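User: I am new to this structure and would like to understand the reasoning behind the terms used to describe it. Could we go through them one at a time?

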Amino acid sequence: MASDIEIARAATLRPIRDIASTLGLLEADIEPYGHHIAKISAKTLAALRARVPGKLILVTAVNPTPAGEGKTTTTVGLADALNRIGRRAVIALREPSLGPVFGRKGGATGGGQAQVLPMEKINLHFTGDFHAITSAHNLLAAMIDNAVHFGTPMPSGAAINPRTVTWRRVLDMNDRALRQIVSGMGTGNHPLRETGFDITVASEVMAILCLADDVADLQARLARIRVAKDSAGNPVTAGDIGAAGAMAALLLDAMQPNLVQSIHGSPALIHGGPFANIAHGCNSVIATRAALALGEFAVTEAGFGADLGAEKFAHIKCRSAGLAPAVAVVVATVRALKYHGGAGLADLGKADAHALHGGLAVLARHVENLQSLGLPVAVAINAFSNDRPEEQAAVLAYCRDTLGVAVHLCNHWAEGPAGAEALARSVAALADANVDPHASFTPLYATGTDVFDALTTVATRIHRAAHVTLSAAAHKQLAALRHEGLANLPVCLAKTPYSFTADEKVRGAVFGHDLPIRELRLAAGAGFIVALAGEIATMPGLPKMPSALGIHLDTEGRIEGLS
């Protein structure tokens with residue numbers, strides 16, 4: 001069986017101007033980055049805002065497992081299939097981070113006959129957007145330390161208190177050794193202070209780029225970033241430091257969405273990439289709006305499982321941008337359901353009715369959660385060659401008879417668009433029937449809700465926790481947010497994606513647990529409050545056997561090992 005990278009290399013890519021022309025875009029509307037990648041021009045993006053948008057299709061999934069579910073693969077396959085049946089679909093995805101590419105995943109551009117191309121470039125440096133975000137973030141860090149070093153007075157007249165600096169540096173790589181460091185060592189580099197690195201996808205700059213409406217909004221949001229307090233106790237922002245303009249300059253080109261194509265020629269906008277476990281998990285608002293303007297359907301995804309990605313998509317991205325999904329698609333696999341039901345990773349190929357039954361409860365919860373947001377739901381069972389037909393049939397019957405939702409066994413990995421055609425027809429029918437998605441879409445908490453109440457709502461209604469427990473530090477942070485009148489921003493729950501609890505080892509559709517919050521972080525520029533639960537880390541580490549060990553160049557200089 002051919003690998004993903006072999007399938008990708010065998011595909012014939014069309015010139016990017018031809019892909020643009022299928023969207024009605026002229027050569028003047030795009031800025032090519034080689035033969036097969038382009039950015040959409042800022043002028044064209046502004047003009048697209050005047051168009052009547054298409055409908056938004058959200059692809060999400062059950063909680064991820066080591067076996068993999070294929071959410072991106074299904075997003076691509078569904079869009080290809082919608083185009084196959086004569087409906088105009090544009091893909092809108094996040095950009096891969098180098099952390100998981102060299103860590104656990106090895107790539108994030110779909111798979112088999114449902115990939116976006118050129119996969120090697122997209123998975124690695126692409127158009128440099130992540131490098132620009134990293135540079136803008138670290139420019140602010142350097143300017144903060146410079147102001148501390150010289151005792152530069154802030155607007156109040158007082159200098160920054162170095163002990164209050166909260167802005168860490170970032171790197172787009174999994175590197176646990178940088179989680180906690182001491183900076184300022186060496187002659188003339190004072191003062192010493194404890195700090196650390198986060199991964200770039202956890203940066204507030206990443207979130208801002210993905211939520212900003214345009215460059216003016218980008219610069220305004222950057223200026224609002226909270227970084228420290230001065231010696232009088234007043235908050236210090238990036239605007240106070242004087243960094244927002246230069247940061248925006250570094251991000252100017254990165255604000256433009258990247259246009260590529262699927263193996264089967266569907267146009268794809270790939271832009272931005274916050275993780276959903278430690279950030280808000282959605283591609284950029286700009287790219288999503290462009291996809292809606294250019295197609296009848298914009299097919300997008302939200303990171304990890306529906307309990308994290310789809311929840312944040314609803315309460316952060318949609319709230320910020322005024323979007324409303326017309327349909328949600330939940331991706332599951334037989335082997336993932338058995339894993340969630342308690343089966344061991346090595347035993348997923350064995351018949352296990354008990355484990356499958358436990359996994360179906362997890363699938364049911366995700367479906368119910370999405371329906372509680374007022375979303376019509378379809379289920380895509382991503383087929384694998386070693387699935388047992390009787391177990392596939394059991395999942396299909398459960399979705400139809402017990403959950404009462406449209407469900408299809410999908411073979412887009414092997415068959416391309418034809419393998420997801422039945423799913424595409426169901427999704428199109430559901431979207432057509434949802435005449436006004438804005439009327440049916442119902443977030444679980446209202447704009448302006450106190451962050452603790454919003455957090456409790458998400459914890460109890462999505463994760464089925466009994467209650468939320470704040471650490472002593474989080475209690476103080478909540479009090480400070482309320483005192484400053486900033487406690488009514490949406491909550492961005494940062495927790496393990498592998499469980500409904502804060503413990504990644506707890507599987508299944510558990511309920512009645514405690515959700516422990518150790519820290520509340522204000523992201524004033526992004527416009528949300530990050531609640532860190534349990535042991536979640538904002539700088540991941542590499543696994544014992546990282547994917548980097550298998551990535552190399554062959555004798556012809558081609559990249560091998562990406563998947």
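Analyst: Gladly; please keep in mind that this is a predicted model.

User: Why is Thr200 called buried or exposed, whichever applies?

Analyst: Thr200, which lies in the loop between strand E10 (197-199) and helix H8 (204-211), has a relative accessibility of 0%, and because buried means under 20%, Thr200 counts as buried. Residues that Thr200 touches include Phe130, Ile133, Val170 and Met206.

User: What makes the backbone nitrogen of Asp172 and the side chain of Thr200 a polar contact?

Analyst: The backbone nitrogen of Asp172 lies 3.1 Å from a polar atom of the Thr200 side chain, and the cut-off for such a pair is within 3.5 Å.

User: How do you know whether H7 and H8 are parallel, perpendicular or oblique to each other?

Analyst: Helix H7 (residues 129-150) packs with H8 at an angle of about 125°, their axes being 9 Å apart. Roughly perpendicular covers 65 to 115 degrees and roughly antiparallel begins over 145, so H7 and H8 are oblique to each other. By class, their contact has 6 nonpolar, 1 polar and no charged residues.

User: Why is Phe304 called buried, partly exposed or exposed?

Analyst: Phe304 has a relative accessible area of 24%, and since buried means under 20% and exposed over 50%, Phe304 is partly exposed. Phe304 is found in the loop between strand E15 (297-301) and helix H13 (306-321), and its phi is near 50°, a positive value in a residue other than glycine.

Methods. Residues are numbered from 1 along each chain as its sequence is written. This is a predicted model: local features need pLDDT of at least 70, side-chain atom pairs count only at pLDDT 80 or more; totals for chains, interfaces and linings use all residues. Side-chain values use heavy atoms; hydrogens and water are left out. Helices (H or I, at least four residues) and strands (E, at least two) are DSSP runs, numbered from the N terminus. Buried means under 20% relative accessible area, exposed over 50%, partly exposed in between (1.4 Å probe, protein chains only). A polar contact is a pair of N or O atoms within 3.5 Å; within protein, one must be able to donate a hydrogen and the other to accept it, and residues adjacent in sequence count only if both atoms are side-chain atoms. Contact means heavy atoms within 4.5 Å. Axes are lines fitted to C-alpha atoms, for helices over the stretch in contact, and angles run from 0 to 180 degrees between N-to-C directions. Angles under 35 degrees count as roughly parallel, over 145 as roughly antiparallel, 65 to 115 as roughly perpendicular and the rest as oblique. Ala, Val, Leu, Ile, Met, Phe, Trp, Tyr, Cys and Pro count as nonpolar, Asp, Glu, Lys and Arg as charged, and the others, Gly among them, as polar. Lists of a residue's contacts leave out its neighbours within four places in sequence.
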